[in-house]
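Visitor: Could you walk me through how two copies of a chain sit against each other here? I'm new to this, so plain sentences would help.
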Amino acid sequence: MLGTYIENVRNTVPLVHNITNYVTVNDVANIILACGGSPIMSDEPEDVEEITAICGGLNINIGTLNARTVKSMLAAGKRANELGHAVLLDPVGAGASRLRTNTALKLMDELKLDVIRGNISEVKTLARGSGTTKGVDADVADTVTEETLDSAVDFVKAFAKKAGCIAAVTGAIDLVTDGETCFVIRNGRPEMGRITGTGCQLSGMMTAFLAAGPEHKLEAAAAAVCAMGLAGEIGWSRMQEGDGNATYRNRIIDAIYHMDAETLERGARYEIK
Amino acid sequence: MLGTYIENVRNTVPLVHNITNYVTVNDVANIILACGGSPIMSDEPEDVEEITAICGGLNINIGTLNARTVKSMLAAGKRANELGHAVLLDPVGAGASRLRTNTALKLMDELKLDVIRGNISEVKTLARGSGTTKGVDADVADTVTEETLDSAVDFVKAFAKKAGCIAAVTGAIDLVTDGETCFVIRNGRPEMGRITGTGCQLSGMMTAFLAAGPEHKLEAAAAAVCAMGLAGEIGWSRMQEGDGNATYRNRIIDAIYHMDAETLERGARYEIK
Amino acid sequence: MLGTYIENVRNTVPLVHNITNYVTVNDVANIILACGGSPIMSDEPEDVEEITAICGGLNINIGTLNARTVKSMLAAGKRANELGHAVLLDPVGAGASRLRTNTALKLMDELKLDVIRGNISEVKTLARGSGTTKGVDADVADTVTEETLDSAVDFVKAFAKKAGCIAAVTGAIDLVTDGETCFVIRNGRPEMGRITGTGCQLSGMMTAFLAAGPEHKLEAAAAAVCAMGLAGEIGWSRMQEGDGNATYRNRIIDAIYHMDAETLERGARYEIK
């Protein structure tokens with residue numbers, strides 16, 4: 001069932017507007033191209049409303065936010081909302097500073113978001129309305145494990161319900177829920193955490209999936225998470241002696257480039273709770 | 001004949017000042033190094049005039065323009081003009097928003113450009129003085145094919161003549177003309193469109209070729225287009241099972257790194273119209 | 001002895017705050033992850049003090065400075081100083097423009113720096129308080145060779161003593177000194193100069209080494225220089241026919257990813273003067 005969502009992207013080639021950080025932006029662009037979408041980056045207030053209007057989805061990532069780009073996030077988000085486009089928020093580092101936390105909360109407040117995709121520490125911060133995280137990575141104390149799974153599912157469902165959008169919380173186990181149904185996903189590899197921006201890449205690709213599958217956003221979001229994790233597995237299987245995180249980054253994007261519906265269908269490992 | 005132009009770059013190591021987008025900037029820097037040039041990036045109004053003064057060429061790319069960097073583009077361009085340096089404009093996304101279209105037109109108006117390098121949709125926008133494009137990629141309706149080639153050559157020649165500079169319009173078939181002579185180039189592979197920034201990379205490399213071959217700018221620009229396309233062919237021939245667009249990106253830059261005059265001479269596929 | 005410093009990074013996973021250029025930032029993030037650290041990028045004045053407070057080290061790189069980020073460099077630096085964090089300055093292009101030279105001098109003046117890491121032309125500029133460099137690469141006239149080694153060691157020692165910090169001057173031969181002891185390091189390969197950002201990467205990684213080994217900063221800085229050079233040698237040994245600078249960039253980061261204390265210990269080639 002999830003396999004069709006990558007096919008949708010390849011068939012419809014959605015344009016994705018990204019207001020994202022300058023650290024991982026090149027990989028975000030290449031993974032959107034790899035999955036069949038078309039990326040465009042624009043972060044100037046005067047430019048973003050027109051650019052988002054010609055796109056099908058908007059990916060907002062606060063990883064290297066500044067006063068100017070926060071304005072653009074709000075302006076683009078409102079225009080995308082008016083047009084009924086898919087809007088995703090990646091609250092990078094929410095909890096690590098007041099500016100990040102408050103910006104994410106403001107975006108949640110002023111925009112109709114379709115998905116919030118982050119790690120568990122960021123989402124806990126947003127649930128509390130404040131908080132601390134260890135930089136841009138999830139705090140170990142927060143990690144979703146088999147032991148804490150049931151309570152984590154309950155927490156993320158409650159967050160999604162309260163936020164009024166899909167929550168996609170990624171880590172060793174990924175949870176994607178609209179508040180009712182929760183995909184518990186076990187694709188991926190721990191080594192993906194040693195590459196900068198696998199989360200940012202997922203957010204960009206997920207926006208393409210959402211834009212291409214707007215009638216079934218929960219499934220589209222879950223399919224993107226499975227695709228990313230599966231690409232991590234396929235990419236890892238192609239690693240040779242001496243290859244490290246720089247090469248692994250390329251192999252993951254390469255795996256998305258070659259992923260078809262059948263590969264995703266067979267490789268997706270999830271249960272529904 | 002075109003082979004000498006890459007040799008010129010390797011022999012003179014021109015410094016290229018880039019005011020370019022943050023999406024593909026790393027690849028632009030690496031391909032300039034690969035072809036024998038030396039890149040420097042600076043986009044602050046207070047900094048750009050001095051930086052451009054120590055360079056031999058200026059590459060202006062509006063891919064992620066903002067109010068501050070547009071000022072820098074104008075200031076650097078004027079200084080480069082005063083010094084007689086090669087100046088190239090890559091009007092990324094002209095037609096997709098008024099800011100992009102108007103900025104490109106303003107740069108054409110206020111600067112003496114040596115080359116405008118873009119896709120056919122962007123160049124049509126600039127020819128009209130307004131327009132719409134599908135994001136940052138060429139619109140299918142605009143594509144230069146064997147069927148539309150003659151009228152496309154006429155159009156691009158007329159544009160170059162009116163703009164008073166060389167036009168380098170890249171796509172499935174590439175056209176490089178000063179308004180009189182038109183190089184029709186058939187190097188390259190369609191898969192290059194699945195990598196972000198092959199156009200930006202070409203603009204950066206072309207500026208190095210122009211700076212190193214200022215007496216024959218048309219030939220230098222055409223040589224850069226042939227080199228990029230040929231690198232796409234060589235890079236593709238080195239792809240292994242499972243390799244995708246991330247790896248292909250590296251292989252193209254690697255192919256430029258190893259390209260010598262003889263390889264370019266033998267591999268360049270063009271006719272003159 | 002130097003091998004332990006990479007082990008320190010892997011054991012303590014220091015968070016490194018980077019205010020760095022957008023050209024090479026992705027590679028900086030990936031090499032910090034590769035050596036065992038955790039990178040975070042933030043360059044907005046309102047954000048940087050809180051972000052730097054949760055980190056263990058601050059890497060300031062002026063490669064694409066602007067008025068806003070210069071403010072952030074000063075604010076973050078002062079906060080990092082208050083907290084006793086390691087602070088490194090990479091004065092990219094000092095000497096190429098007044099803004100760059102003056103910003104580097106201002107940062108030296110207003111901050112307590114632990115290390116200044118640059119090429120010999122940049123450091124000569126800072127020693128003079130003014131100067132010219134050929135873009136962002138060292139001027140040939142300045143190069144440290146076996147013939148000029150003794151006078152270069154004297155010069156860099158005097159600079160470090162006057163600046164009151166460690167100076168790490170990298171090139172064909174690298175010099176790392178606190179003004180008394182000078183590590184003369186002969187790791188590395190000339191082809192590393194054909195990749196954009198190997199210096200920036202070293203600065204990011206060195207900050208992780210400093211944060212993880214604050215009691216022995218000179219040795220930590222020297223270990224980072226040896227590690228980078230050794231990674232260049234290991235990466236080069238894995239190059240295959242047709243590989244160029246794009247692939248080499250990945251192989252160097254990959255080599256850091258796999259480097260352990262023993263490999264660094266055995267591979268480090270240095271003498272003390």
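Visitor: How many salt bridges are there between chain B and chain A?
Guide: In this predicted model, the count of salt bridges between chain B and chain A is 4. In one of them, the side chain of R100(B) meets that of D47(A), with 2.9 Å from N to O.

Visitor: And how many residue pairs are in polar contact across the interface?
Guide: The rule finds 21 such pairs between chain B and chain A, counting pairs with both residues at pLDDT 80 or more. On the side of chain B that touches chain A, the elements giving two or more residues are α5 (98-110) and α10 (245-258), and the largest share, 5 residues, comes from α10(B). Sorted by class, that side of chain B has 14 polar, 10 charged and 9 nonpolar residues.

Visitor: OK, what area do the two chains bury between them?
Guide: Chain B and chain A bury about 2700 Å², with 46% of it on carbon and sulfur atoms. Within chain B, the residues that lose the most area to chain A are Y22(B), R194(B) and N245(B), which together make up 23% of what that side buries.

Visitor: Switching topic, what turn lays chain B on chain A?
Guide: A turn of 120°, with a shift of 0.0 Å along the axis, lays chain B on chain A with an RMSD of 0.0 Å, and that is the relation of a three-fold axis.

Visitor: Which residue of chain B comes closest to that axis?
Guide: That is Y22(B), whose C-alpha lies 3.6 Å from the rotation axis.

Visitor: Do the copies meet through the same surfaces or different ones?
Guide: They meet through different surfaces, because only 9% of the interface residues of chain B are also interface residues in chain A.

Methods
Residues numbered from 1 in each chain as written. Chains lettered and ligands numbered in written order. Predicted model: local features only at pLDDT ≥ 70, side-chain atom pairs only at ≥ 80, totals over all residues. Heavy atoms only, no water. Buried area = accessible area lost by both parts, 1.4 Å probe. Polar contact = N/O pair within 3.5 Å; in protein donor to acceptor, adjacent residues only side chain to side chain. Helix = DSSP H or I, 4+ residues; strand = E, 2+ residues; numbered from the N terminus. Nonpolar A, V, L, I, M, F, W, Y, C, P; charged D, E, K, R; others polar. Least-squares fit on C-alpha atoms with pLDDT ≥ 70 in both. Contact = heavy atoms within 4.5 Å.
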